[in-house]
Amino acid sequence: MTQLPVNLMEYEPLAREKLSQMVFEYYAGGADDEVTLRENMAAYQRLFLRPHMLRGVGNRTSDITLLNQSMRAPLLIAPMAFMKMAHEEGEAAVARAAAARGLTMVVSTSATMSVQDVAASAPDGNRWFQLYVETDRSHTVELISIAEEAGYTGLVVTIDRPQLGRREADIRNNFRLPSHLKMGNLNVASWEAYRLTELDDNLTWDDVDWLCSITRLPVLLKGILRGDDAQNAYDHGAAAVIVSNHGGRQLDSVQAPIDALPKIASAVGGKLPILMDGGIRRGTDLVKALARGAQAVLLGRPVLWGLAHDGEAGVGHVLDLLLAEFDLALALCGCRSPQEITPDLVVERR
């Protein structure tokens, strides 16, 4: 009997065996020299934990409430494109695995299933919809309406992609969406057409006002890396911000989200929730993120590696590993819940 991986890092080489070079490097790659891609994980290694002792941690919970929504843990599935390249069940497999564990999945505009079909695949799950704003505002409004009708409970607006980052692996591999797959939420038939999709590169804070005015869903802005932008998000009606550098896939040499968190948390002063993604691989990473000011994190590439290796079961095992590690880290840090994680639990290496 083959032993299951014992941590999230062990899933990546297993996924690489299953995927073509083109697909693997599309998922794994970053922009330009991939400095930020590497830094997203390396930044956690400069943070050390200062655990409390004798705190009576026999009864613990990972539950949180975020935007008035109950969640089993401060962990969500990040929006990721083209999941059917990893496995034939794609977004549906991820949705089922997340729903079975009480976790929220953020479904990408660039999914290979429609928002309605993802919702139907796991009707008991909680989902948010990630939106790219198009120059064709009528289609943007239509997508938001479809997500609302399908029961989505949050709208994640990605704001760090006015232009597509330069990903050299994709250039070398002549990346394209496999011909048997289609875009579930955009009216295009090919990767080439997708690249030419007119995403609006002239967005301003006025557009945040507009988005908040046309939906009943809480609007989260994904791509914040500065405290002043987080304050602007609050001033223009966003319900939360997601500290993110797009997994190192957009502008290279930007700061890792875990390093950007403290100034952002200081800037908004608890006025709105802060989430973050980028580089999460261990339960202790999750503790560090919460200690630095996040209320929750989003998990990205490891979900794809689990999906590629073993479909829904692989995704489920990835999530189970991280949830178990987080629970153990809570206990060993002297915390009975995420709410007991405080900034003094973390110190930077000098």
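These are my notebook entries on a predicted model of one protein chain.

**Entry 1: the whole chain**

I began with the secondary structure and found 13 helices and twelve strands in the chain. I then looked up the radius of gyration, which is 19 Å against the 20 Å that the globule rule gives for 350 residues, so the chain is as compact as a globular protein of that length. For the extent of the C-alpha trace I noted spans of about 60 × 55 × 40 Å along the principal axes.

Next I turned to burial and contacts. Of the 350 residues in the chain, 58% are buried, and among the contacts with a separation of 6 or more, 74% join residues that are 24 or more positions apart. The accessible surface comes to about 15,000 Å², and I noted that carbon and sulfur atoms hold 48% of this area. For the charges I wrote down 34 positive and 44 negative side chains, with the centres of the two sets 6 Å apart.

**Entry 2: Arg292**

Is Arg292 buried or exposed? I found a relative accessibility of 12% for Arg292, and because buried means under 20%, Arg292 counts as buried. I located Arg292 in the loop that runs between helix H12 (283-291) and strand S11 (296-299).

I then asked what Arg292 touches, leaving out residues up to four places away in sequence. The list is Leu47, Ile258, Asp259, Leu261, Pro262, Ala265 and Glu348. For two of these partners I looked up distances: a polar atom of the Arg292 side chain lies 3.1 Å from the backbone oxygen of Ile258, while Pro262, 30 residues away in sequence, has its C-alpha 5.5 Å from that of Arg292.

**Entry 3: Thr36**

I went on to Thr36, which belongs to helix H3 (residues 35-42) and which counts as buried at 1% relative accessibility. Which backbone atom does the side chain of Thr36 reach? I found that the side chain reaches the backbone nitrogen of Val254, at 2.9 Å. Val254 also appears when I list the residues that Thr36 touches, again without those up to four places away in sequence, and the others are Asn245, Gly248, Leu251, Asp252 and Ser253.

**Entry 4: Ile214**

Ile214 sits in the loop between helix H9 (205-213) and strand S8 (219-224), and I noted it as partly exposed, with a relative accessible area of 31%. Beyond four places in sequence, Ile214 touches Val141, Ile144 and Glu148. I also looked up the separation between Ile214 and His246, which are 32 residues apart along the chain, and found 26 Å between their C-alpha atoms.

**Entry 5: two asparagines with positive phi**

Before looking at backbone angles I reminded myself that most residues other than glycine have a negative phi. Asn68 has a positive value, with phi near 65 degrees, and I found this residue in the loop between strand S2 (64-66) and strand S3 (69-71). At 77% relative accessibility, Asn68 counts as exposed.

Where does Asn174 lie? I placed Asn174 in the loop between helix H7 (168-173) and helix H8 (191-195), and its phi, near 50 degrees, is also positive. The relative accessible area of Asn174 is 53%, and because exposed means over 50%, I recorded Asn174 as exposed.

Note on methods. Residues numbered from 1 in each chain as written. Predicted model: local features only at pLDDT ≥ 70, side-chain atom pairs only at ≥ 80, totals over all residues. Heavy atoms only, no water. Helix = DSSP H or I, 4+ residues; strand = E, 2+ residues; numbered from the N terminus. Rg over C-alpha atoms; globule rule 2.2 N^0.38 Å. Buried < 20%, exposed > 50% of the residue type's maximum accessible area, 1.4 Å probe, protein only. Contact = heavy atoms within 4.5 Å. Areas by Shrake-Rupley, 256 points an atom, 1.4 Å probe, with all protein chains shown as cover. Lys, Arg positive; Asp, Glu negative; His and termini not counted. Charge placed at Lys NZ, Arg CZ, Asp CG, Glu CD. Polar contact = N/O pair within 3.5 Å; in protein donor to acceptor, adjacent residues only side chain to side chain.
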